[in-house]
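This report walks through a predicted model. It begins with a single polar pair and then widens out to annotated sites, strands and helices.

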Amino acid sequence: MELDVQPKVIIHGGAGSSLHGKGGVEAVRRSLYPVIEDVYALLREGKSACEAVVRGCQMLEDDPLFNAGTGSVLQSDGQIRMSAALMDGIAQRFSGTINVSRVQHPIELALYLQNSPDRVLSDFGAAELLRELQLPSYDPITERRLNEWLQERQENFTKTMAAVVAEVGVGDDADTAVVDTSARRGTIGVVVLDSQGKLASGTSTGGKGFERIGRVSDSAMPAGNYATAHAAVSCTGIGEDIIDECLAARIVVRVTDGMSLLDAMQRSFTEASDRQRDLGAIALDASGAIAWGKTSDVILAAFHNGDRIGDTLELPVGTQVGCI
């Protein structure tokens, strides 16, 4: 079909410490690339930015490799509590859910809340909404995440966070884990420019892992997920660092006020690096520019620019910003 605008998409599966060799890189690519292909196909069919964002988030939430939906980390009491947000850039409407349990796709609640007069619900309200929508109860816990929690409990919860990406086998080579266990920053995110030139962003997370009950993630705040008609951003990393920087909103406001996406990312990440923040972000603007940035070792991001699929998995360690 004839498209008014060339669609663009960028997704992420978290940020953290360096991947363990080529085996780890390829394992993450095998998870990210099918999501990119599926979301881009929807955009080619003329689906809206919000529809494409939700579909991408659902796929990432279903992948036990990532810390969102199935595969979410356990909190200090052994329970999973997830948060997610969706923002429609044209309507400039934010919706989200905080610390929800027993649901397969937290992003679905954020989608429903887009048209609600009460657009951000926390644990008890989200649980009531699940019952109203008659969504089936779902246990997102995986054996790997449970074992991670059991091991940490034996060590009296000396870690402040869980691993961003669950350890997975990658064949017979020596690289048996995607990310080392010091990698502790986990969310998933999708940012889309659709064929009508509309932007949207979505972010979903299982939290830090081992955290105090009631801790609120940046993922369900404009600090971690924000969009206008000019730009859209999804963040990942240490939630408290993202909140302190108000990173997603800061980048988007700078673009909305006339700064280029690349300049907005560079300035924002220079400031974050100067303050020793540990975070990353993916972004799109209305012109179709695709950008990413990180202060962490790696950001697990992939994109489709209309001509090709690419990723950020082998960027140099340290603060990096890129734009195409």
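## Polar pairs and annotated sites

A polar atom of the Thr-236 side chain lies 3.4 Å from the backbone nitrogen of Ala-15. Thr-236 sits in strand β8, which spans residues 231–237. Its relative accessible area is 0%, so Thr-236 is buried.

Thr-236 also appears in a database record. The unreviewed UniProt entry lists Arg-215, Val-216, Ser-217, Asp-218, Thr-236, Gly-237, Ile-238 and Gly-239 under "binding site". From this set, Arg-215 and Ser-217 belong to the lining of the second largest cavity.

Where does Ser-217 lie? Ser-217 is in the loop between β6 (199–205) and β7 (225–227). Ser-217 counts as buried because its relative accessibility is 4%, and the cut-off for buried is under 20%. Setting aside residues up to four places away in sequence, Ser-217 touches Ser-83 and Thr-205. Met-82 is 135 residues from Ser-217 along the chain, yet their C-alpha atoms are separated by 8.8 Å. The side chain of Ser-217 also has a polar atom 2.9 Å from the backbone nitrogen of Ser-219.

A second annotation concerns one residue. The unreviewed UniProt entry places "active site" at Thr-187. Thr-187 is found in the loop between α5 (143–154) and β5. With 2% relative accessibility, Thr-187 counts as buried. Beyond its neighbours within four places in sequence, Thr-187 is in contact with His-12, Gly-13, Gly-14, Asn-67, Thr-203, Ser-204, Thr-205, Ser-219, Cys-235 and Thr-236. Thr-236, one of these contacts, is also in the "binding site" list from UniProt. Thr-205, another of them, is touched by Ser-217 as well.

## Buried strand residues

Strand β8 also holds Ser-234. Is Ser-234 buried or exposed? Ser-234 is buried, given a relative accessible area of 0%. Its side chain joins that of His-12 in a polar contact of 3.0 Å. Residues up to four places away in sequence aside, Ser-234 touches His-12, Ile-188, Gly-189, Val-190, Val-191, Gly-202, Thr-203, Gly-224, Asn-225, Gly-280, Ala-281 and Ile-282. His-12 and Thr-203 are among the contacts of Thr-187 too.

Leu-193 lies in strand β5, residues 188–193. Leu-193 is buried as well, at 0% relative accessible area. Which residues does Leu-193 contact, leaving aside neighbours within four places in sequence? They are Val-5, Gln-6, Pro-7, Lys-8, Leu-43, Lys-198, Leu-199, Leu-284, Asp-285, Ala-286 and Gly-288. Ser-48 is 145 residues from Leu-193 in sequence, but the C-alpha to C-alpha distance is 8.7 Å.

The residues discussed so far are collected here.

| Residue | Place | Relative accessibility |
|---|---|---|
| Thr-187 | loop between α5 and β5 | 2% |
| Leu-193 | strand β5 | 0% |
| Ser-217 | loop between β6 and β7 | 4% |
| Ser-234 | strand β8 | 0% |
| Thr-236 | strand β8 | 0% |

## A helix pair

Now to the helices. The axes of α3 (residues 106–113) and α4 (residues 123–133) come within 11 Å and cross at roughly 80 degrees. That angle makes α3 roughly perpendicular to α4. On the α3 side, Leu-109, Tyr-112 and Leu-113 make the contact. On the α4 side, the residues are Ala-126, Leu-129, Leu-130 and Leu-133.

## The whole chain

How many helices and strands does the protein have? The count is eight helices and 13 strands. Of the 324 residues, 59% are buried. Among contacts with a separation of 6 or more, 67% are between residues 24 or more positions apart.

Definitions and conventions: Residues numbered from 1 in each chain as written. Predicted model: local features only at pLDDT ≥ 70, side-chain atom pairs only at ≥ 80, totals over all residues. Heavy atoms only, no water. UniProt positions renumbered as here; feature names shortened; annotations may be inferred. 1 Å grid on protein atoms, 1.4 Å probe; cavity = no way out; pocket = protein on both sides within 12 Å on 5 of 7 lines; lining within 4 Å. Buried < 20%, exposed > 50% of the residue type's maximum accessible area, 1.4 Å probe, protein only. Contact = heavy atoms within 4.5 Å. Polar contact = N/O pair within 3.5 Å; in protein donor to acceptor, adjacent residues only side chain to side chain. Axes fitted to C-alpha atoms, helices over the stretch in contact; angles between N-to-C directions. Parallel < 35°, antiparallel > 145°, perpendicular 65-115°, else oblique.
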